[in-house]
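Have your viewer open and ready? Let's walk through this model one selection at a time.

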Amino acid sequence: MSASGTLHASCVAWEDRAVVITGAAGVGKSALALNLMALGCTLVADDRVVLSNQNGVLIAESHPNIAGLIEARGVGILRAAVRSKAPVVAFVDLDQCEADRLPQRRIFTHLGCDLPLIYRIDAPHFAPAILQILKSGWSDR
C-alpha cells in the first residue's frame, strides 16, 4: 500500500539519504538547503516536497513544475542540479529551537514512517552537523 502527499518544505540529499526541512514561510528552509548544497548535497525539492510511503520507506520528490529550482531570498530563483527522488532519513523543524546540549532523540511520523526529528540550532555548525547525519548517522552512545 502506498500513501502520498505534498509538504511545504525543502529537501536535499547526500547520495541516497535525504533530509526534509520544514518550517514557516520565511524561516530559512531554502537558505539551509542552499548551505547544505554548498557543502555537497544535491537538491531534491524546494518549496513543495512530494512525499510518498513506498513499502515503509518515505521517498521525497520535487513537484514537477518546480524541479531543479530553488529560491535564494533577495537574489532570485536559481537553477540547481537535482536528484529526482531520495529516501528520507530525517526531518528538520526550523520553527523549534533546540535548548539542550545533547538532546533526546525525537521522532516525526509522516505517512506512517517514523523518522528522526532535529530542531534548529543557531550555530555555525548546524548545516555541517546535518550533513554528517546524512553521511554517517548518529552515535549509539
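Start with the whole chain in cartoon view and colour by secondary structure: you should find two helices and nine strands. Bear in mind that this is a predicted model. Tracing the cartoon along the sequence, you meet the elements in the order β-β-α-β-β-β-β-β-β-β-α.

Next, zoom out and turn the chain around. Its C-alpha trace spans about 40 × 40 × 25 Å along the principal axes. The radius of gyration is 14 Å, which agrees with the value near 14 Å for a compact globule of 141 residues. Of the contacts with a separation of 6 or more, 65% are between residues 24 or more positions apart.

Now switch on the surface. About 7900 Å² is exposed, and carbon and sulfur atoms supply 50% of that area. Beneath it, 40% of the 141 residues count as buried.

Colour the charged side chains next. The chain carries 13 positive and 13 negative ones, and the centres of the two sets lie 4 Å apart.

For the last stop, which rings form the aromatic pair? A search of the whole structure finds one such pair. Select Phe91 and Phe108: their ring centres are 4.5 Å apart and their planes meet at 45°, so the pair is tilted. Phe91 sits in strand E7 (residues 85-97) and Phe108 in strand E8 (residues 106-110), so the pair links distant parts of the chain, 17 residues apart.

Stay on these two side chains with the surface shown. Phe91 is buried, with a relative accessible area of 0%, whereas Phe108 is partly exposed at 27%.

Terms used:
Residues are numbered from 1 along each chain as its sequence is written. This is a predicted model: local features need pLDDT of at least 70, side-chain atom pairs count only at pLDDT 80 or more; totals for chains, interfaces and linings use all residues. Side-chain values use heavy atoms; hydrogens and water are left out. Helices (H or I, at least four residues) and strands (E, at least two) are DSSP runs, numbered from the N terminus. The radius of gyration is taken over C-alpha atoms; the globule rule is 2.2 Å times the number of residues to the power 0.38. Buried means under 20% relative accessible area, exposed over 50%, partly exposed in between (1.4 Å probe, protein chains only). Contact means heavy atoms within 4.5 Å. Accessible areas come from the Shrake-Rupley method with a 1.4 Å probe; for residues, only the protein chains shown count as cover. Lys and Arg count as positive and Asp and Glu as negative; His and the chain ends are not counted. The place of a charge is taken as NZ of Lys, CZ of Arg, CG of Asp or CD of Glu. Rings of Phe, Tyr and Trp (its six-membered ring) pair if their centres lie within 6.5 Å; planes under 30 degrees apart count as stacked, over 60 as edge-to-face and the rest as tilted.
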